[in-house]
Amino acid sequence: MCGRYGFGNPTRLGELKLGVTLPESVPRFNIGPMQWVPMVTGQGNGRRALTAKWGLVPSWARDSSVGARMCNARGDAVASKPSFRAAFGARRSLLPAEFFYEWQAVEGKKVKQPWCIALEDGEPFAFGAVWESWTSTADPGAESLTTCAIITTEPNAVMAPIHARMPLIIKPADYDIWLDGHTSPDKAQALIRPFDGYMRSWRVSTRVNKITHGGGENIEPIGEPIA
């Protein structure tokens with residue numbers, strides 16, 4: 001899964017060549033579900049940058065609270081699960097990031113060990129995601145709510161010792177295919193696979209467990225990396 005991520009230098013996100021200008025942001029070291037995040041979508045023959053609440057709310061949901069349980073969508077079920085099926089077919093998106101966190105179960109300990117994972121060279125990357133627009137049926141006059149979910153897939157060699165899932169990372173060469181609403185579900189599904197580029201991971205303090213701890217100390221290593 002992917003429950004937290006961040007970017008320490010928002011200006012670097014421009015290196016992704018997403019074809020749009022992202023909303024201005026401050027450094028964020030502990031982004032969690034139900035927070036607002038920058039997102040890029042396909043729109044016509046171009047792209048659009050906007051912000052979305054992390055936690056997808058299906059268009060048919062009675063209320064938005066369901067989003068708290070839908071920050072991730074399993075890649076092997078995203079095309080068939082009712083909550084994500086429509087979004088995967090027509091509303092795929094990219095979420096820019098510099099790193100993400102995962103928690104490793106440690107034998108004999110109740111508290112899991114958090115890890116920070118990034119590309120080997122520290123460059124920014126983009127998660128593959130899906131998005132929806134939801135409007136309250138109880139208040140038809142209310143503004144629509146844009147929400148999203150990060151897709152997860154099987155772990156690569158770096159992630160396998162830490163967790164059984166990892167977030168989907170879309171390579172720049174595949175941005176157009178992923179964002180195009182006319183891309184067939186089968187062709188989009190073929191992009192859901194473990195990241196095969198170079199990555200590194202390192203242990204970090206359990207202070208990251210609290211979403212209120214948002215400083216750069218969250219990514220400071222506390223031990224030797226395993227990759």
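## Overall architecture

Helices and strands here are DSSP runs, with at least four residues for a helix (H or I) and at least two for a strand (E), numbered from the N terminus. Counted that way, the protein has three helices and 13 strands. Please keep in mind that this is a predicted model.

The radius of gyration is 17 Å, close to the 17 Å that the globule rule gives for 227 residues, so the protein is as compact as a globular protein of that length. Its C-alpha trace spans about 50 × 40 × 35 Å along the principal axes. Of the 227 residues, 47% are buried.

## The five-stranded sheet

Let us start with an open sheet of five strands, which follow the order β2-β1-β7-β8-β13 with antiparallel pairing. At its edges sit β2 (28-31) and β13 (199-203), each of which pairs on one side only. On average, neighbouring strands of this sheet are turned by 25 degrees against each other, direction ignored.

Within this order, β7 (residues 99-104) and β8 (residues 113-119) are joined in the antiparallel sense by five bridges. To find your place in this pairing, look for Tyr-101, which stands opposite Cys-116 in β8.

## The β3-β4 hairpin and its partner β6

Strand β3 (36-43) is a good next stop. It runs antiparallel to β4 (residues 46-54), and eight bridges join the two strands. Together β3 and β4 form a hairpin with two residues between them. One residue in the turn, Gly-44, has a positive phi of about 60 degrees. Gln-43 stands opposite Gly-46 in β4.

Strand β3 also pairs with β6 (residues 92-97), again in the antiparallel sense, over two bridges. Here Val-40 stands opposite Leu-94 in β6.

## Two loop residues with positive phi

Most residues other than glycine have a negative phi. Two loop residues are therefore worth a look when you go through the backbone, since negative values are what most non-glycine residues show.

The loop between β1 (4-7) and β2 holds Lys-17, whose phi is near 55 degrees, a positive value in a residue other than glycine. Is Lys-17 buried or exposed? Its relative accessible area is 71%, and the cut-off for exposed is over 50%, so Lys-17 counts as exposed.

Met-34 is found in the loop between β2 and β3. Its phi, near 75 degrees, is likewise positive in a residue other than glycine. With a relative accessibility of 31%, Met-34 falls between the 20% limit for buried and the 50% limit for exposed, so Met-34 counts as partly exposed.

## The largest pocket

The last stop is the largest pocket, which has a volume of about 270 Å³. Its lining consists of 18 residues. Which of them lie nearest the centre? They are Leu-16, Leu-119, Glu-123, Pro-124 and Pro-172. The elements that give two or more residues to the lining are β9 (125-134) and β12 (169-170).

By class, eleven of the lining residues are nonpolar, six are charged and one is polar. Some of the residues nearest the pocket centre tie in with the parts described above: Leu-119 is one of them, and β8 covers residues 113-119. Leu-16 is also among those nearest the centre.

Technical notes:
Residues numbered from 1 in each chain as written. Predicted model: local features only at pLDDT ≥ 70, side-chain atom pairs only at ≥ 80, totals over all residues. Heavy atoms only, no water. 1 Å grid on protein atoms, 1.4 Å probe; cavity = no way out; pocket = protein on both sides within 12 Å on 5 of 7 lines; lining within 4 Å. Points joined across faces, edges and corners; volume = space filled by probe spheres on them. Nonpolar A, V, L, I, M, F, W, Y, C, P; charged D, E, K, R; others polar. Pairing = 2+ DSSP bridges. Axes fitted to C-alpha atoms, helices over the stretch in contact; angles between N-to-C directions. Rg over C-alpha atoms; globule rule 2.2 N^0.38 Å. Buried < 20%, exposed > 50% of the residue type's maximum accessible area, 1.4 Å probe, protein only.
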